[in-house]
Amino acid sequence: MSRFAHVTGWGMAIPEKILTNYDLSEMVDTNHEWIVSRTGIVERRVANDEETTASLAREAALKALEIANLKPRDVDLIIVATSSPEHIFPATACLVQDQIGAVRAGAFDLSAACTGFIYALEIATQLIRSESIANAIVIGAETLSRFVNWKDRETCVLFGDGAGAFVLQASDEPGGVISTVMRSDGSGGELLSLPAGGSKLPASKETVGNGLHYIHMSGREVFRFATKVMSQATLDALAKAHLKIDDVNLIIPHQANLRIINMAAKNLDFPMERVYVNIDHYGNTSTASIPIATCEAIQNGKLKPGDKVVFVGFGAGLTWGASVAEWSKPFPTERRVYPARYRLLARIRSLLLRWVRRIEGWIWGNLR
Ligand code: UT7
């Protein structure tokens, strides 16, 4: 019997603080009209001092678990796709695992820039389909505001913070994620990068002084690449699913630039009314843009159970990819679960584990 991976829960978390184009025009040499006409962005969200990639990821995950009516302890795997992880290690996914009390889950981060959510969706889907796991949380989470040079008008106007999450669950019923294509071209790596802070250029006075810990981008080149790959990835994923573009109810693209989205729809000869766009409110939230847009599409009645939906994205690497899914709904369950209530339990458990580790260390040290 075949096994399928259905999306049964979804959630998003965005910072409260809004940064408008007008605010930005007081910080750098730019203006509202230029930003709207060249990108479609009107405002974006920016994390406050307490908010981090992990805290936004946690909130999105808890909301997704609540929709799926799934306990954190029943989660087998957490993947956080992110370009702005909390640290190089430990993985942001492990922080989320601890903060939601997913006591039986494996956890890791996935680095494929803005395409990361699509890659993560495919990994979780295939682990479910191969019966290795039954329940997964896939999260896209970012605080790119911490990596943007607020003096560089070519990048600082584009990015925003936020997180979105899907719960994926196994079922014998056909549906869920049907096909995915993942692509890359490392020869374009320098077009969009964060040069320092890794092993090649460890943090030093020089790297900081030269602004190498900020996002560097050749906007025009990335734009050209994006317009080529968005439509092709969509068609490749549909062919793999044995579907045609006319079968698609909704396309949810990575929200990087409204002009890129418009061109992709035009190349596909697909009506813009059936392409979900919310870049005006959030800017480019990288890995989080597709799950955030999905949550809003559901809220606005644009995505319903049974619909065929395409997720398509591109980003640094270079990477790109697309997924086709038959949209599902939460599985029926007997008892209501409120995962947000597990937040406190998870905190107590985490403190206890830290104390036990300290006591064990003390005993170990004294017995040697
Ligand atoms: O997730 C993937 C992330 N990256 C992307 O998706 C980026 C893809 N690229 C883009 O979205 C666009 O290339 C940008 C929005 C970054 C730039 O738009 P563009 O239409 O490609 O502008 P451009 O780079 O060709 O620049 C046109 C002009 C330049 O002035 P000159 O040389 O013609 O005098 C820029 O200096 O616009 C100027 N400019 C700005 N002006 C006002 C660039 N940024 C700004 C700005 N405000 N923020």
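## Contacts of I79 and the nonpolar core

In this predicted model, I79 is in contact with A93, F108, L110, A120, I123, A124, A136, V138 and I139, leaving aside its neighbours within four places in sequence. I79 belongs to the largest nonpolar core, which has 120 residues. Within that core, I79, V138 and I139 touch the most other members. V138 and I139 are thus named twice, as contacts of I79 and beside I79 among the residues with the most core neighbours.

Helix α3, residues 53-68, gives this core its largest share, 10 residues.

## Strand β7 and its partners

Strand β7 spans residues 162-171, and nine of its 10 residues are buried, so the strand is largely enclosed by the rest of the structure.

β7 is joined to strand β1 (residues 4-13) by nine bridges, and the two run antiparallel. In this pairing, H6 has Q169 of β7 as its bridge partner. β7 is also joined to strand β6 (residues 135-142), by eight bridges and again in antiparallel fashion. Here the bridge partner of I137 in β7 is V167.

## The four-stranded sheet and helix α8

Four strands form an open sheet in the order β8-β13-β12-β11, and their pairing is mixed. β8 (176-184) and β11 (250-253) are the edge strands, each pairing on one side only. On average, neighbouring strands of this sheet are turned by 15 degrees against each other, direction ignored.

The edge strand β11 runs parallel to β12 (residues 308-315), and four bridges join the two. L250 has V309 as its bridge partner in β12. Helix α8 packs on the sheet and touches β8, β11, β12 and β13 (319-326). The direction of α8 makes about 35 degrees with that of β13.

## Surroundings of the ligand

The ligand is surrounded by 20 residues, and the closest are T30, G219, F223, A256 and N257. By residue class, the shell consists of nine nonpolar, seven polar and four charged residues.

Three helices, α2 (32-39), α6 (153-156) and α8 (219-240), each supply at least two residues of this shell. The largest share, five residues, comes from α8. Helix α8 therefore has two roles in this description: it packs on the four-stranded sheet, and it contributes to the shell around the ligand.

Conventions
Residues are numbered from 1 along each chain as its sequence is written. This is a predicted model: local features need pLDDT of at least 70, side-chain atom pairs count only at pLDDT 80 or more; totals for chains, interfaces and linings use all residues. A residue is near a molecule or strand if its C-beta atom, placed from the backbone, lies within 6 Å of it. Ala, Val, Leu, Ile, Met, Phe, Trp, Tyr, Cys and Pro count as nonpolar, Asp, Glu, Lys and Arg as charged, and the others, Gly among them, as polar. A nonpolar core is a set of buried Ala, Val, Leu, Ile, Met, Phe, Trp, Tyr and Cys residues joined through C-beta atoms within 7 Å. A residue is buried if 20 or more other C-beta atoms lie within 10 Å of its own, exposed if 12 or fewer, and partly exposed in between; C-beta atoms are placed from the backbone. Two residues are in contact if their C-beta atoms, placed from the backbone, lie within 7 Å. Two strands pair if DSSP finds at least two bridges between them. Axes are lines fitted to C-alpha atoms, for helices over the stretch in contact, and angles run from 0 to 180 degrees between N-to-C directions.
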